[in-house]
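User: I'd like a close look at just one part of this model, and I'm happy with a long answer.
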Amino acid sequence: MKAFTAVALRKDRKYLIEHLQDSSIAQLSCSKDTADGFKKIDCSSRQQIFERCGVNAEKALKILDDVAPEKTSLLASLSGRREIDPDEIGEIADKADDILEICNKIIALDKKQTDNAAEKVRINTAISQLTVWERLDIPLNTSETDKAAVIIGSLPAEYSDRALAEALAADSELAFDFEIIYASREITCLVLVVPKGQKEQAESILRSIGFSYPAVSCSGTPEAELKNYREKLETLESESEKALEEIKELADYRGDIKNVSDYFTIRADKYAAISTLDHSSHTVVFSGYIPEEDMGRLEKICSKVDPCILEFEDAPEDAPVKLKNNKFAEPAQGIVTMYASPGVEDIDPTPVLAFFFYFFFGMMFSDAGYGLLMTVVCAWAIKKFRPERNMRNNLKLFEYCGISTFFWGLVYGSIFGNAPAVYYNHFTGKNITMADIIPWPTLDQKKDAMTILIISIAFGLIHILAGMACKFYVLWKHGDKKGAIFDVGTWMLLLTGVAVLAAGMKLGDTVKNIGIGISLFCVAMLILTQGRDKKNPIMKLLSGVISLYDITSYVSDLLSYSRLLALGLTTGVMAEVFNLLSEMLGKSVIGIIPMTLVFVLGHLITIGLNALGSYVHTMRLQYVEMFSKFYDGGGKPFEPFTLNSKYIRIKEENKK
């Protein structure tokens with residue numbers, strides 16, 4: 001990684017900022033201290049304008065997705081963003097204002113639907129309240145005539161004419177006439193006419209039995225009001241349907257709206273970047289970080305403007321980190337960055353991790369049928385959909401894991417479990433095993449479990465030693481040669497000696513004695529060197545002896561690799577169980593159909609569960625057992641100034 005500084009005329013700022021954004025080769029940095037004569041320019045107002053436009057475009061897209069969902073296949077997401085030529089950005093910009101008007105129209109139409117829906121709720125509420133008064137032939141807000149008071153309202157129970165008359169006659173002085181408009185078990189709606197001078201008296205009697213005035217009021221008769229409300233509902237319904245149809249018609253602009261959504265995001269990012277640059281009256285200063293392999297591309301961009309001064313220097317220790325690996329290791333970069341980017345003192349662990357990740361995943365998934373299927377599907381998806389880099393790397397990761405799975409499946413003699421043997425026996429009546437079908441020696445995961453466990457721990461030892469070797473290299477590279485030899489190299493040799501000793505128990509006394517000799521030598525070295533930072537001789541010796549306790553952590557680490565056996569065994573057993581279940585459905589034509597369904601569904605379940613388990617546990621072995629030996633992380637990932645788009649991307653060949 002290199003740090004760079006470019007000084008150009010302000011009139012060339014647009015060209016430089018746009019080409020840096022298109023090329024995605026540099027990470028711009030904001031200087032804390034501004035030199036005399038320079039200042040930052042506040043572009044936040046323009047940035048906010050474009051951000052609001054982008055928000056409106058996204059809002060319009062969401063409305064379209066709700067009203068007229070886009071028809072896409074399940075695998076469409078593999079294709080990623082639409083590729084465009086750099087020149088097409090200009091065409092999108094030319095149409096941006098027109099498309100923004102369409103977005104605003106979609107939003108307005110949706111708001112009209114929302115407002116209409118709220119109005120319909122209000123009207124329906126009013127209708128439900130007025131319906132009980134529909135027989136009333138005077139306005140609901142009538143309160144009096146020339147000589148009488150008119151009281152219109154309801155009681156919270158059902159009253160007959162007689163019961164209501166008796167309740168009102170409780171006051172013998174009250175003169176009244178009434179009509180019940182509507183009555184049910186919950187409510188009685190009535191009109192009461194009394195002399196004007198007895199209105200308060202009548203209201204007092206009515207309140208004593210729970211009387212209340214109508215929740216709605218109208219100047220016309222309820223029947224006329226209900227007619228008006230129902231006509232309004234029809235009008236609102238018609239307007240909503242029309243607005244809905246207009247939104248659906250505008251769905252043809254979905255692609256253009258996606259384009260301008262990204263365009264507005266790109267422009268907002270551009271002004272955010274401009275705000276970080278140092279400006280003088282006539283010049284502008286770009287500074288940041290760039291990978292060494294892209295320095296030539298930056299020089300080419302800067303050469304298009306004159307004058308432009310470009311300088312490179314070694315990046316500081318806190319510079320961002322960009323991982324670069326070959327085609328075999330690159331797919332595993334995501335596993336590394338998921339943990340942490342390499343720090344200043346670290347090396348890139350991707351090449352080592354990649355090999356062991358593919359290897360251990362295959363050992364856990366361990367079925368040739370599943371591995372072949374995974375490899376073919378991933379390779380087909382890459383060729384068919386030409387996905388973006390991140391998705392392509394993910395597919396490549398599983399393609400390589402599939403190759404490893406295929407290999408280990410052949411080692412274990414597992415092809416969709418024991419499917420070939422089961423179905424051969426099922427239809428022929430014979431009794432053969434997978435060992436009879438496969439023409440090479442295989443390891444049976446059930447019968448040879450102890451052998452596989454030993455192999456698993458042996459590979460685990462190699463994995464741990466690889467991590468320790470990385471630590472040895474890091475210490476040696478940074479000048480701590482004593483630490484590399486005594487703190488790492490001695491332990492590596494001790495673990496190797498213990499392994500030779502274990503092998504000697506099977507191979508003979510000579511090998512065993514060699515292992516004992518190596519182990520004793522390393523133990524002595526650890527006792528003598530692990531307390532070398534202590535001044536007191538006794539403390540030096542005591543620290544060395546205590547350091548031997550670390551052997552327990554290494555034993556624990558090695559036992560973790562038993563999961564290579566356990567998950568491989570799980571995959572094989574689950575596959576065999578589903579083969580057995582499908583076989584039980586018979587040989588008839590009718591039985592073959594459910595047998596096939598059970599076989600397919602069962603193995604899909606096995607693939608889903610065990611592929612996930614293999615992925616998680618393989619990752620754990622990398623993070624816990626290997627990374628703990630040498631890797632600290634804590635670096636900053638390289639984040640280039642780029643087209644931060646959601647729907648479009650510049651063609652790769654045009655970015656180089």
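What is the volume of the largest cavity?

Analyst: The largest cavity has a volume of about 50 Å³. Before the details, keep in mind that this is a predicted model, where local features need pLDDT of at least 70 and side-chain atom pairs 80 or more, while totals for chains, interfaces and linings use all residues. Residues are numbered from 1 along each chain as its sequence is written, and side-chain values use heavy atoms, with hydrogens and water left out.

A cavity here is a set of points on a 1 Å grid, over the protein atoms alone, where a 1.4 Å probe fits but cannot get out. Points are joined across faces, edges and corners, and the volume is the space filled by probe spheres set on them. Counting cavities of 30 Å³ or more gives one.

Now for the walls, meaning residues with an atom within 4 Å of a point. From β1 (2–9) come Phe 4 and Ala 6, and α1 (13–23) brings in Leu 16 and Leu 20. The top contributor is α8 (295–302), which gives three residues: Leu 298, Ile 301 and Cys 302. Phe 286 is in the lining too. Those helices (H or I, at least four residues) and strands (E, at least two) are DSSP runs, numbered from the N terminus.

As for chemistry, the lining has eight nonpolar residues, with no polar and no charged ones. Nonpolar covers Ala, Val, Leu, Ile, Met, Phe, Trp, Tyr, Cys and Pro; charged covers Asp, Glu, Lys and Arg; the others, Gly among them, are polar. So Cys 302 sits in the nonpolar class under that scheme.

Key. On a 1 Å grid over the protein atoms alone, a cavity is a set of points where a 1.4 Å probe fits but cannot get out, and a pocket is an open set with protein on both sides within 12 Å along at least five of seven lines; lining residues have an atom within 4 Å of a point.
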